[in-house]
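Before this model goes any further on the bench, I set out my comments as numbered points. Please read them with the coordinates open.

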Amino acid sequence: MTRRSPESIRSALQRTALYGGGFLGPFGGGVVVSILPEIGDDLGVDAAAAASSLTAYLLPFALVMLVSGTLGARWGRTRTVRAAYAVYLVSSLACFVAPTLPLFLGARVLQGCSNSFTTPLLLAALAASTPKKHLGRSLGIFGAFQAAGQSSAPLVGGLTAEIDWRLSFLVIALVAAALGLIGIPDAAPDEPGAARPRLRDALTLPVLRMGVVALLGWGALGGLSFLVAFRAEDDFGLSPTQRGLLLTGFGVAGILTARLVGGVIDKIGARAAVVIGAVAGAALIAAAGTISLLAVVAVAWFAAGTAGQFILVGVNAAVLGSSGPNRGGAVSVVQALRFTGNALAPITLTPVYAISPAAGFLVPAVLLAVAAPLFMPRDNSPV
């Protein structure tokens, strides 16, 4: 039996840590979803005030991510990721001990800001350490870990709240510490005289077009979970637990199919995958919002999770598979627009749903089917 060298073990651990970082970001953001009443009771506020902890994490996360990839590339990818995990560790411990809501919200802001530096740089590191012909598959695995983090966060938060909701943040702190100690694969040194990464190199027209696709893909698919919950209660009378099980299907589908989707993208190309995901996703969202059979709604929402992976993994593969001078900054911009779509969906679609529940689903479905294929650049377009 051949013994593995310490260097090969270290390399395998760092590769695993890339995917672990993909899990931690969505998990840290969503862990409060199911424990808002407990947080409010402990901090002396109502659940609505405690819900601001979601915005405190997600808004800075999306805004800072516009520049975090470029700044991280300037400062050094490995150094920046380690520093970001250190801040994530400290801010998670601050959440663990925070005695008041303002202090808790401040710690959540720091969590979101630090996560904005890990997500794009982990994707860039994954692309740099993966042969281009296998990039889609690796990004699919990363997407599966992200889906797992998002799907499991409410459950884990609820389970820890049976003892003490603060334990969720202690677990997050320990995971961040472990990931920071392991690190990520070393980046290749810059060539002598190489230009520093610039934000303008990331804000190219193809990158912005792909950012719009990511915005539509996440806003019109994953971002519609709140409308699915509304309809589950209004039309089918589901209890909170039943609604939660229904919504979980989207993330479970992403976990189960993201790796397979990545392999398909390696074969057919990113643009074809995005078109497939947009058209199929639009049809599934329309079905989930208009068909009066609960079983059909559940199956459509589950399948929409796979359609979402076609779009999101496809967009990431297109950005990271390019030869642009600032790929880390480019994927940072695209991811920022992706989460902007998630943030805009409730604000823009809730009034539409109030006027016509069917239109609340059909409007984003039409936008997704028509606009996403139009905005997605061809696979050979410069980024």
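1. A helix here is a DSSP run of H or I with at least four residues, a strand is a run of E with at least two, and both are numbered from the N terminus. On that basis the chain, which is a predicted model, has 16 helices and zero strands.

2. On overall form, the radius of gyration is 20 Å, and this agrees with the value near 21 Å that a compact globule of 383 residues would have. Taken along the principal axes, the box filled by the C-alpha atoms is roughly 65 × 50 × 50 Å. Among contacts with a separation of 6 or more, 86% are accounted for by residues 24 or more positions apart.

3. Turning to the surface, 51% of the 383 residues count as buried, while the chain exposes about 16,700 Å², of which carbon and sulfur atoms supply 69%. There are 25 positive and 16 negative side chains, and the centres of these two sets lie 15 Å apart.

4. The unreviewed UniProt entry lists several spans under "transmembrane region", including residues 83-103 and 207-232; such annotations may be inferred rather than shown by experiment. In the model, residues 83-103 are 86% helix and 0% strand, with end C-alpha atoms 22 Å apart. The span 207-232 is 85% helix and 0% strand, and its end C-alpha atoms lie 37 Å apart.

5. Is Thr-119 buried or exposed? This residue, found in helix H6 (residues 101-128), has a relative accessible area of 5% and is therefore buried, the cut-off being under 20%. Not counting residues up to four places away in sequence, Thr-119 touches Phe-61, Met-65, Gln-146 and Gln-335.

6. Gly-321 deserves a separate look, as a loop residue found between helix H14 (294-320) and helix H15 (327-355). Its relative accessible area is 16%, so Gly-321 also counts as buried under the 20% cut-off. Leaving aside neighbours within four places in sequence, Gly-321 is in contact with Lys-132, Leu-135 and Asn-316. Gly-321 and Ala-124 are 197 residues apart in sequence, yet their C-alpha atoms are 9.9 Å apart in space.

7. Two items are worth keeping in view when the model is discussed. The chain is described by helices, with zero strands, and the "transmembrane region" labels come from an unreviewed UniProt entry.

Key
Residues are numbered from 1 along each chain as its sequence is written. This is a predicted model: local features need pLDDT of at least 70, side-chain atom pairs count only at pLDDT 80 or more; totals for chains, interfaces and linings use all residues. Side-chain values use heavy atoms; hydrogens and water are left out. The radius of gyration is taken over C-alpha atoms; the globule rule is 2.2 Å times the number of residues to the power 0.38. Buried means under 20% relative accessible area, exposed over 50%, partly exposed in between (1.4 Å probe, protein chains only). Contact means heavy atoms within 4.5 Å. Accessible areas come from the Shrake-Rupley method with a 1.4 Å probe; for residues, only the protein chains shown count as cover. Lys and Arg count as positive and Asp and Glu as negative; His and the chain ends are not counted. The place of a charge is taken as NZ of Lys, CZ of Arg, CG of Asp or CD of Glu.
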